[in-house]
Amino acid sequence: MDSITQALLGASVQGALLGRWQGRKALVYGALLGTLPDLDVLIDYGDAVANMTYHRGFSHSLFVLSLVAVLLTWLARRWAPDDRYSATRLFLALWLVLVTHVLLDAFTSYGTQLLWPLSTPPIAWSSIFIIDPLYSAPLLIAVLACLLVGLHGRVGQWPIYALAISTIYLGFTLAGKQMAEQRVQASVDLQHIQAEQMFSTPTPFNSLLWRVILVDGEHYYEALVSWLDDAPPALVRIPRNAHLAEALQESSQHQRLRWFTGDVLRYDKMGDRILVTDLRLGMTGFHPFRFPLAERTEDGWRSISEPERLPADRGDLSRLLRIWQRIWQQEPALPLATWAAELNGQR
């Protein structure tokens, strides 16, 4: 999730567990600690693919963060002892601030390596967009109220209520994901499509409209599903160009991307380069993680040893408005095929 939400989550957790004794300082400590795992973005791993796929690695490991919580508890007890609460309670607060950060990240589409250093694929439950105001709002209200009034009386309980509301909302997003996949699966069965895999994720800034991807060899299908739809979802067929992956057999970056994304990738040939796009993130036609992984030479395709991430614009506000309208009205259908073609400058 975004850094502001993670800071609010950390502040709420520590405020709920230690605010009675630490007062407003609990909010500040929790906010700072809640952003700690994301400091790994300052590390340069050598190339753009490595920077993407090693992010949310060791710094988001449940094993590593548990050890960090033990270390921080020991340091706090040694250098800033406070006999008003136990070491166990302090450890629990610090541990939960760190662990709730990475667990929330795992609910997004990016991919979080909760079990690092094990080589298991990253976890992406993909039920919430990386920025979702409905999740963040209760935490923001509680933190602001406690900063203004203090963590005493009924207001001191607000972080607990905010955490409960946000957690219930996460449950709602999981229900939305199941709803979207079930409706798309019904359309797949009717059309006898033999998809290799299905991936679903919310559209930007909401959990009411879902984007479902079906990988099918040389093509992939995209569908939009809203809670309010009264007709089966339309499956839009889009070229995936999987045959281009044959030129990337020697690319370690390509293998890393396949592992990290679960192979939900699209391939395009633009000029003398092969581009690989992570379809999970962003929105149709706007995918922030896109890499040139091979270039043509006189001897054929050659892997690019240090690929760079292609620049992406910030999106089109008018399209966001159309996506918002799609939540409430199934027609007119959004031009997903046209948007997907625009990724390569086509119309």
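Q: Buried means under 20% relative accessible area, exposed means over 50%, and partly exposed lies in between (1.4 Å probe, protein chains only); what makes S126 count as buried?
A: S126 has 1% relative accessibility, which is under 20%, so S126 counts as buried. Do keep in mind that this is a predicted model, in which local features need pLDDT of at least 70 and side-chain atom pairs count only at pLDDT 80 or more, while totals for chains, interfaces and linings use all residues. Residues are numbered from 1 along each chain as its sequence is written, and side-chain values use heavy atoms, with hydrogens and water left out.

Q: What is notable about the backbone of S126, and where does S126 lie?
A: S126 is not a glycine, yet its phi is positive, at about 45 degrees. S126 sits in the loop between α5 and α6, where helices (H or I, at least four residues) are DSSP runs numbered from the N terminus.

Q: Why is R56 called buried?
A: The relative accessible area of R56 is 4%, under the 20% limit, so R56 is buried. R56 also has a positive phi, near 60 degrees, in a residue other than glycine. R56 belongs to the loop between α3 (48-54) and α4 (62-79).

Q: Why are α1 and α6 called oblique to each other?
A: Their axes, which are lines fitted to C-alpha atoms over the stretch in contact, with angles from 0 to 180 degrees between N-to-C directions, cross at roughly 50 degrees. Under 35 degrees would be roughly parallel, over 145 roughly antiparallel and 65 to 115 roughly perpendicular; the rest is oblique. A value of roughly 50 degrees falls in none of those ranges, so α1 and α6 are oblique. The axes of α1 (residues 3-22) and α6 (residues 133-149) come within 9 Å.

Q: Which residues of α1 and α6 meet?
A: T5, L8, L9, A11 and S12 in α1 meet Y135, S136, L139, L140 and V143 in α6, where contact means heavy atoms within 4.5 Å.

Q: What makes L147 partly exposed?
A: L147, found in helix α6, has a relative accessible area of 37%, which lies between 20% and 50%, so L147 is partly exposed. L147 touches R24 and L27, not counting residues up to four places away in sequence. L147 and V28 are 119 residues apart in sequence and 9.4 Å apart in space, C-alpha to C-alpha.

Q: How many aromatic pairs does a search of the whole structure find, and why does the pair of Y45 and Y54 count as stacked?
A: The search finds 11 aromatic pairs. Rings of Phe, Tyr and Trp (its six-membered ring) pair if their centres lie within 6.5 Å; planes under 30 degrees apart count as stacked, over 60 as edge-to-face and the rest as tilted. Y45 and Y54 are 5.2 Å apart, centre to centre, with 25 degrees between the planes, so this is a stacked pair. Y45, at 27% relative accessible area, is partly exposed, and Y54, at 37%, is partly exposed.

Q: Which residues form one aromatic cluster?
A: The cluster is formed by Y110, W259, F260 and F289.

Q: Which peptide bond leading to P117 is cis, and which leading to P332?
A: A cis peptide bond joins W116 and P117, with omega about 15 degrees; P117 lies in the loop between α5 (87-106) and α6. A cis peptide bond joins E331 and P332, with omega about 0 degrees; P332 is in the loop between α9 (317-328) and α10 (336-341).

Notes. Helices (H or I, at least four residues) and strands (E, at least two) are DSSP runs, numbered from the N terminus.
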